[in-house]
Amino acid sequence: MSHFETDAIRIQQRSNQKEHSSPIFLTSSFTFESAEEARAMFADEIPGNIYSRYANPNSSDLIAKVCAAEGTEDGIATASGMAAMFASIASLLQQGDHILASRSLFGSTHQLLTRVFPKWGITSSYGDISDYLNWDKLVQPNTKMLFIETPSNPGLEIIDLEWAGKFAAAHNLILVVDNCFATPYLQQPAKWGAHIVAHSATKYIDGQGRVLGGLILGKSELIKEVQFFTRHTGPSISPFNAWILAKSMETLAVRMDRHCENALKVANYFEGNEELEGVKYPFLKSHPQHELALKQMKAGGGIITLTLKGGLTRAQRFIDQLQMISITPNLGDSRSIVTHPASTTHSKLSAEERAKVGISDGLVRLSVGLEHYEDIIKDVEQAISKSK
């Protein structure tokens, strides 16, 4: 099979019951036909299910679908997106290693790099995407990994994946790409040289705000290292959550088409609004990396940012005036969602750090849902007016 939509629907394992829709395997462990079979499975000499902390038919189904979508060789499913981000780094690095990362990262990933990994002797440095020519100077003798996020959360900065792949190859770095905002439907970083692609499956892959999950996908030799780490540290996805996410993959394409269509209409409508300092969306021509987004993304995604005049006070009044759009830190839901990053998801960053990645007090992140776009526009427009 070669088409995204077909693979996402038709790839599945069937049991001996010949079910049409995948069943849920709510079991903590699996049985063996003999002591020798148990020994051989534990020794990785033969395939099979041992224990759901290691693997489960539901997580295997999910991994197979997303690997086909991303064009990767193998993968691991985890209990949450941040478990995936953590394991994708911790499993492949050791004390004394250094990470080079793009400055624009999700707040919790920033905390991993600046507060968690330094405890174990793993350090990091940030590079600015506006200054690619100077990234060579940031590579240290102990630099082992390049970690990037594109589009970034929440600033929607776009990093050139072709450049990143060549840069990582030139410096013998493991390239890890957080592909959460784009999803495998809109962008496949492995095609540009990414060794590891990570996701918070909680977002668009679930798509309805129901379950937590994460994914680490990539080259089989690296995934073996990740697998060893996750087997023995235990950030395992539950069979039920894996089943939900595998079923959600079946509708990812049609959902993302609608998310992107709605987001572009909303962004176009509010661009130039006199009460806003700016509107940012990758497929707006005004986006600083618009041409790059067209090059590596199928569409612009479901996230836009609005920066209100009046800073924090105005942004909070705007959020409080919304009638339909939900106030919640999630994104990628069927329902439209608003978040104020400076006071929530990125509040642990200093004001200086937020300024460096374009997160002002007036910026709000709008995850555009699947409602009719006119209803989304009406709610935002009324909230802008009432927040004056």
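# Note on the two sheets, aromatic pairs and salt bridges

1. Start with Phe167. Its relative accessibility is 6%, so Phe167 counts as buried (buried is under 20% relative accessible area, exposed is over 50%, and partly exposed is in between, with a 1.4 Å probe and protein chains only). The model is predicted, so local features need pLDDT of at least 70 and side-chain atom pairs pLDDT 80 or more, while totals for chains, interfaces and linings use all residues. Residues are numbered from 1 along each chain as its sequence is written, and side-chain values use heavy atoms, with hydrogens and water left out.

2. Aromatic pairs come next. There are 15 of them in the structure (rings of Phe, Tyr and Trp, the last by its six-membered ring, with centres within 6.5 Å; planes under 30 degrees apart are stacked, over 60 edge-to-face, the rest tilted). Tyr132 and Trp135 make an edge-to-face pair, because their ring planes stand at 65°, with the centres 6.3 Å apart. Tyr132 is partly exposed at 22% relative accessible area. Trp135 is buried, at 1%.

3. Trp135 also pairs with Phe167. Their ring centres are 6.2 Å apart and their planes are at 90°, so this pair is edge-to-face. It links distant parts of the chain, 32 residues apart. Trp135 sits in the loop between β3 (123–127) and β4 (143–149), and Phe167 in helix α6 (residues 161–170) (helices are DSSP runs of H or I of at least four residues, strands runs of E of at least two, numbered from the N terminus). Elsewhere, Phe32, Phe42, Tyr51 and Tyr54 form one aromatic cluster.

4. One open sheet has 7 strands. Their order is β1-β7-β6-β5-β4-β2-β3, with mixed pairing (two strands pair if DSSP finds at least two bridges between them). β1 (74–78) and β3 are the edge strands; each has a single partner strand, so one side of each has no neighbour in the sheet. On average, neighbouring strands here are turned by 20° against each other, direction ignored. β1 pairs antiparallel with β7 (residues 214–218) over 5 bridges. Within β7, Gly218 stands opposite Asp74.

5. Which helices lie across this sheet? Helix α3 (residues 57–70) lies across β1, β6 (196–200) and β7, at about 130° to β1 (axes are lines fitted to C-alpha atoms, for helices over the stretch in contact; angles run from 0 to 180 degrees between N-to-C directions). Contact means heavy atoms within 4.5 Å. Helix α6, the home of Phe167, lies across β2 (98–102), β4 and β5 (174–178), at about 175° to β4.

6. An open sheet of 5 strands runs β8-β9-β12-β11-β10, again with mixed pairing. β8 (276–280) and β10 (326–327) stand at its edges with a single partner strand each, so one side of each is without a neighbour in the sheet. Strands β11 (residues 337–339) and β12 (residues 363–367) are antiparallel and joined by 3 bridges. Arg365 in β12 is the bridge partner of Thr339.

7. Two helices belong with this sheet. Helix α10 (residues 252–270) lies across β8, β9 (303–308) and β12, at about 20° to β9. Helix α12 (residues 311–321) lies across β9, β10, β11 and β12, at about 125° to β9.

8. Salt bridges number 14 across the whole structure (a side-chain nitrogen of Lys or Arg within 4 Å of a carboxyl oxygen of Asp or Glu). Arg39 and Glu36 form one of them, at 2.8 Å from N to O. Both residues lie in helix α2 (residues 35–42), 3 residues apart, about one turn of the helix. Arg39 is partly exposed at 41%, and Glu36 is partly exposed at 45%. Glu250 bridges to Lys247, with the closest N and O atoms 3.5 Å apart. Glu250 is partly exposed at 26%, and Lys247 is partly exposed at 26%.

9. Are the residues of the Arg314–Glu275 bridge buried or exposed? Arg314 is buried at 5% relative accessibility. Glu275 is buried at 17%. Their side chains meet at 3.1 Å, N to O. The pair links distant parts of the chain, 39 residues apart: Arg314 is in helix α12, and Glu275 is in the loop between α10 and β8.

10. A last item is a network. Salt bridges link Asp160, Glu162, Lys166 and Lys295.
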